[in-house]
Amino acid sequence: MIAPVTAHVAFDKAADYFGIRMKKIPVDASYRADIKAVKKAITRNTIALVGSAPAFPHGTIDPIVELSELAREQGIGFHTDACLGGFVLPWAEKLGYPVPPYDFRLPGVTSMSADTHKYGYAAKGTSVVLYRGLELRRYQYFTATDWPGGLYFSPTFAGSRPGALSAACWASLVSMGEAGYLDATRKILESADKIREGIECIPELTVLGDPLWVIAFASPSLDIYRVLDEMSTRGWSLNGLHKPIAVHIAVTLRHTQPGVPERFLADLQASVEAVKANPEAGGGMAPVYSMAATLPMRGMVSELLRRYIDVLYKV
Ligand SMILES: Cc1ncc(COP(=O)(O)O)c(C=O)c1O
């Protein structure tokens with residue numbers, strides 16, 4: 001399976017579980033999958049290509065048209081990961097934003113995912129995987145015919161699942177309705193525009209790529225993880241990214257309330273000033289993030305994460 005480095009790590013997790021070898025492809029200067037590298041990486045062992053609409057780290061949409069065409073030419077699968085964008089992009093397009101095609105309108109797209117629990121506004125525990133045809137979906141099924149417990153069939157990786165979650169998800173979707181989604185998306189994209197423009201006006205910060213509502217930014221002159229710490233003390237929870245070191249904000253409906261984008265930008269400016277005024281200050285999470293991002297011994301970092309999970313189970 002060939003995926004850009006920015007594709008969600010859930011693909012690595014799946015590849016690990018299913019014994020599939022992942023080939024990672026770099027992104028170009030716009031933080032989108034490098035098509036030439038994908039072309040080069042395809043061999044007769046390749047089963048599928050992946051593209052994100054958009055990718056979690058930088059909110060950028062991969063060149064899905066070109067990637068899915070490549071897959072179609074080769075007769076292999078192409079998955080569009082629209083987990084983040086599946087319940088934003090269709091409405092963004094209707095609102096007139098420039099959204100390139102990323103879905104089954106493209107003949108090469110064979111499967112897609114869209115998270116109802118993100119911008120679908122349903123509770124966590126539901127998501128959607130879509131297949132171009134029933135034939136492809138059948139590979140997901142598991143059946144057992146010789147078990148003393150009787151005949152068994154299961155359509156999903158998880159075994160027992162609560163129907164209540166699906167019902168609650170359905171209720172969320174219909175209660176939002178097209179009008180609700182259009183309204184939410186309009187508010188999110190307008191607030192994101194304000195936030196992006198505001199970040200671009202802070203000389204110490206650089207926005208990565210050309211994002212719509214998941215906005216990653218870095219700093220050539222400051223430790224951006226310290227800016228993240230400063231933002232935390234002001235009540236903002238940003239995600240720390242690495243390779244390259246940056247942070248991002250995923251703009252949600254909560255951020256669209258009156259005055260919130262302005263408060264975010266004022267706090268960001270103040271955080272940048274605080275780091276500039278005291279560049280050598282220690283403490284906070286910044287040193288931990290920096291070490292985890294740069295330590296060459298990745299096995300050690302992985303062990304650290306495993307121990308962290310141990311601790312979570314202890315309390
Ligand atoms: C773009 C994208 N793809 C996939 C996933 C993975 O979802 P899960 O948490 O179900 O592994 C996420 C979750 O954040 C995501 O943002």
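This report describes the domains, nonpolar cores and ligand site of a predicted model.

**Domains and cores**

The domain assignment divides the protein chain into domain 1 (2-140) and domain 2 (173-294). Taken over C-alpha atoms, the centres of the two domains are 25 Å apart. Contact between them involves 22 residues of domain 1 and 28 residues of domain 2.

The largest nonpolar core comprises 63 residues. Within this core, the residues with the most contacts are Leu49, Ile199, Trp213, Phe217, Phe264 and Leu268. Domain 1 and domain 2 both contribute residues to this core, so it lies between them. A second core, separate from the largest one, has 7 residues, among them Met1, Ala3, Ala15 and Met22.

Residues up to four places away in sequence being left out, Trp213 touches Pro54, Leu84, Gly85, Val88, Leu89 and Tyr119, and also Ile188, Leu189, Ala192, Ile249, Ala250 and Val251. Two of these contacts of Trp213, Pro54 and Leu84, are also among the residues that surround the ligand.

**Ligand site**

The shell around the ligand is formed by His8, Ala10, Pro54, Phe56, Asp81, Cys83, Leu84 and Lys118. By class, this shell holds 5 nonpolar, 1 polar and 2 charged residues. The side chains of His8, Asp81 and Lys118 place polar atoms at the following distances from ligand atoms.

| Residue | Ligand atom | Distance |
|---|---|---|
| His8 | oxygen | 3.4 Å |
| Asp81 | nitrogen | 2.5 Å |
| Lys118 | oxygen | 3.0 Å |

Taken alone, the ligand exposes 390 Å², of which the protein buries 70%.

Methods. Residues are numbered from 1 along each chain as its sequence is written. This is a predicted model: local features need pLDDT of at least 70, side-chain atom pairs count only at pLDDT 80 or more; totals for chains, interfaces and linings use all residues. Side-chain values use heavy atoms; hydrogens and water are left out. A residue is near a molecule or strand if one of its heavy atoms lies within 4 Å of it. A polar contact is a pair of N or O atoms within 3.5 Å; within protein, one must be able to donate a hydrogen and the other to accept it, and residues adjacent in sequence count only if both atoms are side-chain atoms. Accessible areas come from the Shrake-Rupley method with a 1.4 Å probe; for residues, only the protein chains shown count as cover. Ala, Val, Leu, Ile, Met, Phe, Trp, Tyr, Cys and Pro count as nonpolar, Asp, Glu, Lys and Arg as charged, and the others, Gly among them, as polar. A nonpolar core is a set of buried Ala, Val, Leu, Ile, Met, Phe, Trp, Tyr and Cys residues joined through side-chain atoms within 4.5 Å. Buried means under 20% relative accessible area, exposed over 50%, partly exposed in between (1.4 Å probe, protein chains only). Domain bounds come from an automatic or database domain assignment. Contact means heavy atoms within 4.5 Å.
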